[in-house]
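User: I should like to learn how to read the local features of a protein model, one at a time. May we begin once the structure is on view?

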Amino acid sequence: MTYEVKSLNEECGVFGIWGHPDAAKLTYFGLHSLQHRGQEGAGILSNDQGKLKRHRDMGLLSEVFKNPANLDKLIGTGAIGHVRYATAGEASVDNIQPFLFRFHDMQFGLAHNGNLTNAESLKQELEQRGAIFSSTSDSEILAHLIRRSHNPNLMGKIKEALSLVKGGFAYLLMFEDKLIAALDPNGFRPLSIGKMANGAVVISSETCAFEVIGAEWIRDVKPGEIVIIDDNGIQYDSYTNDTQLAICSMEYIYFARPDSNIHGVNVHTARKRMGAQLAREFKHEADIVVGVPNSSLSAAMGFAEESGLPNEMGLIKNQYTQRTFIQPTQELREQGVRMKLSAVSGVVKGKRVVMIDDSIVRGTTSRRIVQLLKEAGASEVHVAIGSPALAYPCFYGIDIQTRQELIAANHTVEETRQIIGADSLTYLSIDGLIDSIGIETDAPNGGLCVAYFDGKYPTPLYDYEEDYRRSLDDKISFYK
């Protein structure tokens, strides 16, 4: 469903370019393709022969750069950009990236996608050593670690700093003479490299951004890898050999755009395969398939093709309603579902409907959509989810970090079915998810992080460990 209504959000998206005379403008277009990854704030930092300039603000990219002069002033052949939805740090312009750090002997910019699991420990240690933070974002920590490193050369400082931060992170660092990208040892967040016809090198959270600027994909950044881009070309290095691919499975399920490719797998194709596998696991009689727009439409196609049922447009999304994820009350957020979606009575009336959605978080959205379909005349509504039950929090860059928020953590499948008012509820199996995505790798779980479904995290949780263990015993009721 939509990011705003479902209240499940990726932290952010990053984009960078080196070696193009219109670097900032191309970064704008690249970030526009990544807007779905963050709608709270945006910013661009440019590099004009070593002089770094920046503009950032709260709001959508088009709002931040509504005044053309704010983009025109960002001249230079290098740039990095960022769109933000926060999982760590309050909503404030001080937390909008890219960050820009100026010292007497150097300056650099930083953009980060992900979440650090040892941020609080590192921040306390740094503050005790005299560090002063200008934001509440965990992203700023890396800059302090780089600056305080005693390693004699810059790359040594960066490697030392990267080895100290834990969790999920994709970093872009803009220095006076180079652009550097780095990925965490598990590759939780996606990051890809592209090249333009004039030789300019591009880095992006998703490959969909390459299409809009005419760049050609080269390859994905590997876990634990550092990519150094300067006027001499691209160099590949690493800061650790202790790596294990575990990319966030929610990228394929929900976050990434359908036209993006991640580790050799097209997102739309993966979602279609998830839908087909879900149809094989589905055990009920039905008449039509209806996907919840927009992120569930690919899975609905796959389900319909595999089951032989017609794929109908039984739900219509209103593209022009305001963003509802910032609404202050649950009542207003729930009303947002009716503002976003309408059921088509002429399609669903008298039909046994299979309603395909990508996930269930709190159950609020699912309950409202089932209600819409039944009010429109559906005789039965069978909810089929193109992912396993979301029962455990994410600590690597998604804004769900407590089990209390998750209906599947607190209720059985049957209880959840009753809460959302469906005639049946079917989740895709974990094995079905892994097989459907189908990354070519020998890594555990097919190179995916599936901890949100089985509670088996691929890394220690560090600062989150104690609260998480305590939360395993806490249960709340979603019954109204």
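User: Which residue just after α14 takes a positive phi?

Analyst: Some groundwork comes before the case. This is a predicted model, in which local features need pLDDT of at least 70 and side-chain atom pairs count only at pLDDT 80 or more, whereas totals for chains, interfaces and linings use all residues. Residues are numbered from 1 along each chain as its sequence is written, and side-chain values use heavy atoms, with hydrogens and water left out. Helices (H or I, at least four residues) and strands (E, at least two) are DSSP runs, numbered from the N terminus. In this structure, Gly377 takes a positive phi of about 110° just after α14.

User: Why does the distance between the end C-alpha atoms of helix α14 agree with its 12 residues?

Analyst: The expected span of a helix is 1.5 Å times one less than its number of residues. Helix α14 covers residues 364-375, so its 12 residues should span 16 Å, and the end C-alpha atoms are 17 Å apart, which agrees.

User: Which residues of α14 are buried?

Analyst: Buried means under 20% relative accessible area, exposed over 50%, and partly exposed in between (1.4 Å probe, protein chains only). In α14 the buried residues are Thr364, Thr365, Ser366, Arg367, Ile369, Val370, Leu372 and Leu373.

User: What do the buried residues of α7 pack against?

Analyst: Contact means heavy atoms within 4.5 Å. Helix α7 (residues 154-164) has Gly156, Ile158, Ala161 and Leu162 as its buried residues. They pack against α6 (141-148), β7 (167-174), β8 (179-183) and β12 (225-230). At the N-terminal end of α7, Asn153 acts as a cap, with a side-chain oxygen 3.3 Å from the backbone nitrogen of Met155.

User: Which residues other than glycine have a positive phi here, such as His263?

Analyst: Most residues other than glycine have a negative phi, and most peptide bonds are trans. His263 has a positive phi of about 50° and sits in the loop between β15 (261-262) and β16 (265-266). With a relative accessible area of 21%, His263 is partly exposed. Tyr462 also has a positive phi, of about 50°, in the loop between α18 (451-454) and α19 (465-471). Its relative accessibility is 37%, so Tyr462 counts as partly exposed.

User: Where does the cis peptide bond between Gln97 and Pro98 fall?

Analyst: That bond has omega of about 5°, and Pro98 lies in the loop between β4 (78-84) and β5 (99-102). The peptide bond from Pro293 to Asn294 is cis as well, with omega near 0°. Asn294 belongs to the loop between β17 (288-291) and α11 (297-307).

User: Is Ile439 buried or exposed, and what is it in contact with?

Analyst: Ile439 is buried, at a relative accessible area of 10%, in the loop between α17 (430-437) and β24 (448-449). Leaving aside neighbours within four places in sequence, its contacts include Leu245, Ile247, Tyr252, His263 and Val265.

User: Which residues line the largest cavity?

Analyst: On a 1 Å grid over the protein atoms alone, a cavity is a set of points where a 1.4 Å probe fits but cannot get out, and lining residues have an atom within 4 Å of a point. Among those lining the largest cavity are Pro190, Glu206, Asp220, Ile247 and His263.

How values were computed: Polar contact = N/O pair within 3.5 Å; in protein donor to acceptor, adjacent residues only side chain to side chain. 1 Å grid on protein atoms, 1.4 Å probe; cavity = no way out; pocket = protein on both sides within 12 Å on 5 of 7 lines; lining within 4 Å.
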